[in-house]
Protein chains: 2
Amino acid sequence: MLKDFTKRKAEDKGELSAEIKALREKLMGQQQLVRDAKLPIIVLIEGWAAAGKGSLIKELISEIDPRFYSVVSPAILPERECRYPFLYPYATAIPENGKILFMDSGWMEAAVRKELHREITRDEYKRRVRQVNEFERQLRDGGYLVLKLFLHIDRDEQFERLQALTGSAETSWRVTEEDLWQHREYKRFRDAYESFMEATDATLPWHVLDGSRRKAAVRDALSLLTAQIDRALAAGRYVGEPFDENFPLLEMPKLADVDLSPSLDDDTYRKELKKLQGRLSELHNLIYREKIPVILCFEGWDAAGKGGNIRRLAYPLDPRGFDVRPIASPEPHELARQYLWRFWTRLPRSGHICIFDRTWYGRVMVERLEGFCTELDWKRAYNEINEFERQLTDWGAVVLKFWIHIDQDTQLARFTDRQNTPEKQWKITDEDWRNREKWAQYEVAVDEMLARTSTENAPWFIIESNDKKYARIRTLRIVVKALEEALENHFARSMER
Amino acid sequence: MLKDFTKRKAEDKGELSAEIKALREKLMGQQQLVRDAKLPIIVLIEGWAAAGKGSLIKELISEIDPRFYSVVSPAILPERECRYPFLYPYATAIPENGKILFMDSGWMEAAVRKELHREITRDEYKRRVRQVNEFERQLRDGGYLVLKLFLHIDRDEQFERLQALTGSAETSWRVTEEDLWQHREYKRFRDAYESFMEATDATLPWHVLDGSRRKAAVRDALSLLTAQIDRALAAGRYVGEPFDENFPLLEMPKLADVDLSPSLDDDTYRKELKKLQGRLSELHNLIYREKIPVILCFEGWDAAGKGGNIRRLAYPLDPRGFDVRPIASPEPHELARQYLWRFWTRLPRSGHICIFDRTWYGRVMVERLEGFCTELDWKRAYNEINEFERQLTDWGAVVLKFWIHIDQDTQLARFTDRQNTPEKQWKITDEDWRNREKWAQYEVAVDEMLARTSTENAPWFIIESNDKKYARIRTLRIVVKALEEALENHFARSMER
């Protein structure tokens, strides 16, 4: 895309200005339709240092109502200072329905630059390319219009521009060491950009703009943007088709086949609890120090004992190093974005433990059953969730998922107890009773979820919880074992280096 | 508070455990009432290094449902890395109604430590103490229960604990240079804590807990917390009384007395626009480089031309260094917090320009007139807003506020034009017509707002906008002049150092 790029011919300035004016007016007219159609738009602008990305954005936004757009320039932190997954800065920045986000350098620049700097290995780079493809497809399938532009200038042009910038006292500070390094390494960068673009062109194509013709680049960008908006508005909101990548799945039993009889006596319970909590506290120290992120997911039947389980887990942890994230129904500003956004924004920093009390699996349970999303949406979600969780474990996170399981009789007994105990009455609502009536439907959904999303990297554990004591000890044991293994692997890898 | 502190007598362990158990059960019962009463609670836990703040929090939260609380430990960044106002980490972390926030070291530790490190001057320290008092009072007046605890240990106790921690390989990394420095400088720290507490005790009192008696400290903290919750629940939501601090106010004309006739011819407009935009672009570079934050606030009549004004301002700016924040009606998660929270979370980083399209002044205009807040709330807001803006200018921000002004005839003409022009119809809503009927009421509110909140540090400018061209040039001129002055002062101060 870049090697065979030929500069555009010069065009008549007057004509260009007229074209730009007309396109801007078109965009101005579209902004309202975009809002009404609740179409979210991301314009990613990548390109060379000094190619004029900032000026291009300036021209693109100049006539848009500020209520409809925002501009972000995600910083590229040194890898060792990154406390979140690679895609975090981009996934948390996505716009809400009806708004346009302009991103001044994004996931491409970050991936390419870090690889050229050897801040990440070649393997890690490849994983990031895969993640980018997943991310872009998920956005598209979630109804986002994503326009990817690359602003291109050749080496000579870059030389002239950098020289002009450094020549003036007022602008010289804008040229960074990084820019000069890119200029010296122009060919390596060109190859790297090229290869990144080729690897990420299939789902959402790249558009290379000639940065040496500033006005023409503005015209071309506006023309692409307005044309794609037209197309998107005419086609109606895009909803992606489900498809399965082959994730290595663990075999899971059906809920109906789970033996719920295991129990523990008080004495064993107390002894084990103390021992395991003590060990967990030690492990938390190490996890914190070695900056390993830990994500523990809890789902389960109402009154199965999620809360009690979580409290026993949380008690030995240093409150400065963990968070419990209770997930309620989404708020309006959350509903207005791709559904994983509200989980991206709740991820822990590396070294922290995050316990999700209900999770992104709501998509394939309550949202599926109550019709809060379309059939395509929840069918697509299995794969999207597997990808999301792989992105987390790629980052180095320990991801464990617990289904807290009881049978219907036990639930009834606990509901009745809650109903009859004044201090517990707040825990039981009409909705709980309504959900209970849908037990059979939920069971189908949960079985499907467990079968399709228990991956090697992010496994599900069905916790038998008719006996709460047994359940708590089993959960603690699984967490302790997983953290021990993660630390062992971590230290083994450190030794290799 | 600290010098004359005497250690508590040892108490019977069994009795203490029983007390703690009873208090925890009480707290468990209260959490539901807190939620129903929508009472937001902040428990600030300050204290010595190694005093056991983390363990105390652990004990406090152990029985609370994770949906009702969160824990934060705001980092104390080196002053030169702080890109936000002093109170930013705390003001953005406040909990929503019905939830409890535990803060592990907060504004006191940050202010005291920075002063002892001489990262801030004595004057700046005093300003921060004043800001803390303002912040705490605003929280209280907004219905927050704020409990301030200080966990105290004497120098010998600290010595023993630090030694125990450094003695074990597993815990030694937890002791920082900073902790050891505090220990060496114990007396200076004690005096500084003491003086901070004395200076911030009047509105919300401090409670010193004996950290050397761990169990007793837990009991005391639980007992204070549950007692204060009881009191708050019994009293009903606290609503603060308005009062006026004497801010140096600029005299403002009544809107009715403003001469709206000034206008500009096309030629002058275009020439001036070009000149001023060019200058603004240069100034933006300097502002960015010198890390001066700029906050421009726009309010005005519907159809007065806020949007056009903002676009002319924004056009010459580098989109990577400014943001326009359109302010719509608050979302549920915003309504559930003190009303300034949604503006705190939208502040620019230092060096950035932030343009607010509508602002926190909604409180004393639409919220006042439509009854979206109580009379005490909006009457209190003048002073709260003056304090908030002084906190911004203390930080070094340039704060300018524009009232875009037209008369009723001009508004009618523009409304009619919008109604009759298909591309403009989206800009006019039934609400605009309804607001227009309340012109007289709004005029009273706006006059009062201008009279009471045009401070020397954050002045209002009434922009005559019957002629849009005149209005745009006038706004640009004011901004250019203010930025020039701010840069001059900034460089003058740098020279002094």
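## A buried strand

A residue counts as buried if 20 or more other C-beta atoms, placed from the backbone, lie within 10 Å of its own. Keep that in mind as you look at strand E6 of chain B, residues 294–300 (strands, E, of at least two residues, and helices, H or I, of at least four, are DSSP runs numbered from the N terminus). Here 7 of the 7 residues are buried, so E6(B) is largely enclosed by the rest of the structure.

In a regular strand, side chains alternate between the two faces of the sheet. Both faces of E6(B) are covered: Val294(B), Leu296(B), Phe298(B) and Gly300(B) are buried on one side, and Ile295(B), Cys297(B) and Glu299(B) on the other.

## About the model

This is a predicted model, in which local features need pLDDT of at least 70 and side-chain atom pairs count only at pLDDT 80 or more, while totals for chains, interfaces and linings use all residues. Residues are numbered from 1 along each chain as its sequence is written, with chains lettered from A and ligands numbered from 1 in the order in which they are written.

## The neighbours of E6

Two strands pair if DSSP finds at least two bridges between them. E6(B) pairs in the parallel sense with E8(B), residues 353–357, over 5 bridges, and Val294(B) stands opposite Ile353(B). E9(B), residues 398–405, also runs parallel to E6(B), joined by 7 bridges; there, Phe298(B) faces Phe402(B).

## Where the chains meet

The contact (C-beta atoms, placed from the backbone, within 7 Å) takes 35 residues from chain B and 34 residues from chain A. On the side of chain B that touches chain A, H2(B) gives the most, with 4 residues.

Conventions
Contact = placed C-beta atoms within 7 Å. Buried ≥ 20, exposed ≤ 12 C-beta atoms within 10 Å, placed from the backbone.
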